[in-house]
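Q: Please take a close look at the largest pocket of this structure. I would like to know what lines it, and then how the surrounding parts of the model are described.

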Amino acid sequence: MNKRRPYVRPMAGWWRKNPFFVEYMIHEGTALFVAAYALILLTGLVYLSRGEAAWNVWLEGLKNPWYIAFHWLALAAVSYHTYTWFKIMPRTMPPVIVGGKRLPDMAITGGGLAVATTACLALLGLVWGIAR
Amino acid sequence: MKKTLKRSNAPIFWALFGAGGMLSALLGPMLVFITGLAIPLGMLLPVDTMSYAKMLAFAQNIVGKGFIFAIISLFLWHAAHRIFHSLHDIGIHAGIVAKLICYGGALAATLVTAYTLLAIGF
């Protein structure tokens, strides 16, 4: 056994002391909802491969109030992920030079959010068009 | 000196993270709304939108297969990478074991997705 007991600065709750890090932990935390949602879809895919009865069990299961509550939370979390993804984008992508000037952060974030909104509405329209 | 330079594998994981992050940012909210809320609660869309016949046809279609595979696997690679890099922040050592669990989990789920999509047939 190691007899030395060096001082280790405690880390618990460090991020709660600074609003910047609280926001950081929330936007990193959206990954838990993305993962859980993907696993729900994967479960659905496996049930689909097992035939109609199995698929209907999965589909009925989604009506469970706990699943509904989860999906409301997931909707909020993933929407927040969309917002932060494009908010950070000016710093995660190489600078864009237009007419000798650097494209402002607002343009990149705003453009990204506009594309995301369009993509979501297009997806809804596509699903509606196919299902109708 | 070593004859071959050791190259980092980080860009691969980062690319998968980026692709999954972009896909979930663009389509995530609407996907969650459609499969998790609109269909179970009977809102907005026709009730049989996700019926067995329709979903089977979608999963048997080559475009549908690609879409399902991209959504499930890239969402998980994105989440795995983000969770792995947040472990240190919550006081968990992000070592080789944590790496194997995070990326290994995403890889396992990717293989299950691919296998199931192939099992469903064309």
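A: What follows begins with the pocket and then moves to the core, the helical spans, a few single residues and the confidence of the model.

This is a predicted model, and its largest pocket holds about 700 Å³ of space. Its lining is made of 28 residues, and those closest to the centre of the pocket are A:Val127, B:Met55, B:Phe58, B:Phe67 and B:Ile68. In chain A, two or more lining residues come from each of α1 (19-49), α2 (52-61) and α4 (105-131), and in chain B they come from each of α1 (10-41), α2 (52-60) and α3 (62-86). The element that gives the most is α3(B), with six residues. In character the lining divides into 22 nonpolar residues, five polar ones and one charged one.

The second largest pocket, with a volume of about 400 Å³, can be set beside this one. Its lining comprises 18 residues, and A:His27, A:Thr84, A:Ile88, A:Thr92 and B:Arg82 are those that lie nearest its centre. At least two of its lining residues are supplied by each of α1 and α3 (65-92) of chain A and α1 of chain B, while the largest share, seven residues, belongs to α3(A). Here the lining divides into nine nonpolar, four polar and five charged residues, whereas that of the largest pocket has 22 nonpolar, five polar and one charged.

The packing of the two chains can be followed through the largest nonpolar core, which has 56 residues, and among its members A:Leu45, A:Leu48, A:Trp55 and B:Ile34 touch the most others. Each of α1, α2, α3 and α4 of chain A, and each of α1, α2, α3 and α4 (96-120) of chain B, supplies at least two residues of this core. Its largest share, twelve residues, comes from α1(B), an element that also gives two or more residues to the lining of the largest pocket.

Several of these helices overlap with annotated spans. For chain A, an unreviewed UniProt entry lists residues 21-46, 66-86 and 107-131 under "transmembrane region". In the model, residues 21-46 of chain A are 100% helix and 0% strand, with 38 Å between the end C-alpha atoms; residues 107-131 of chain A are likewise 100% helix and 0% strand, with their end C-alpha atoms 36 Å apart. For chain B, the UniProt annotation "transmembrane region", again from an unreviewed entry, covers residues 12-38, 58-79 and 100-120. Residues 12-38 of chain B are 100% helix and 0% strand, and their end C-alpha atoms lie 35 Å apart, while residues 58-79 of chain B are 95% helix and 0% strand, with a distance of 25 Å between the end C-alpha atoms.

Some single residues within these two chains also repay attention. A:Ala74 is part of helix α3 of chain A, and because its relative accessibility is 0%, A:Ala74 counts as buried. A:Ala74 and A:Thr30 are 44 residues apart in sequence, yet their C-alpha atoms are 8.1 Å apart in space. In chain B, the loop between α1 and α2 holds B:Met43, and B:Leu44 is found in that loop as well. B:Met43 has a relative accessible area of 27%, so it is classed as partly exposed, and its C-alpha atom is 9.9 Å from that of B:Phe33, a residue ten positions away in sequence. B:Leu44, by contrast, counts as exposed because its relative accessibility reaches 61%, above the 50% cut-off. B:Leu44 also has a positive phi of about 65°, although it is not a glycine. Most residues other than glycine have a negative phi.

Finally, the confidence of the prediction bears on how closely these descriptions can be read. The mean pLDDT of chain A is 93, and 98% of its residues reach 70 or more; chain B has a mean pLDDT of 93, with 98% of its residues at 70 or more. Among the elements of chain A, the lowest mean pLDDT is that of strand β1 (residues 97-98), at 88, and the highest is that of α2(A), at 97. In chain B, confidence is lowest in α1(B), with a mean of 95, and highest in α3(B), at 97. The element with this highest value in chain B, α3(B), is also the one that gives the most residues to the lining of the largest pocket.

Technical notes
Residues are numbered from 1 along each chain as its sequence is written. Chains are lettered from A and ligands numbered from 1 in the order in which they are written. This is a predicted model: local features need pLDDT of at least 70, side-chain atom pairs count only at pLDDT 80 or more; totals for chains, interfaces and linings use all residues. Side-chain values use heavy atoms; hydrogens and water are left out. On a 1 Å grid over the protein atoms alone, a cavity is a set of points where a 1.4 Å probe fits but cannot get out, and a pocket is an open set with protein on both sides within 12 Å along at least five of seven lines; lining residues have an atom within 4 Å of a point. Grid points are joined across faces, edges and corners, and a volume is the space filled by probe spheres set on the points. Helices (H or I, at least four residues) and strands (E, at least two) are DSSP runs, numbered from the N terminus. Ala, Val, Leu, Ile, Met, Phe, Trp, Tyr, Cys and Pro count as nonpolar, Asp, Glu, Lys and Arg as charged, and the others, Gly among them, as polar. UniProt positions are given in the numbering used here, feature names are shortened, and annotations may be inferred rather than shown by experiment. pLDDT is the predictor's confidence in each residue, from 0 to 100. A nonpolar core is a set of buried Ala, Val, Leu, Ile, Met, Phe, Trp, Tyr and Cys residues joined through side-chain atoms within 4.5 Å. Buried means under 20% relative accessible area, exposed over 50%, partly exposed in between (1.4 Å probe, protein chains only).
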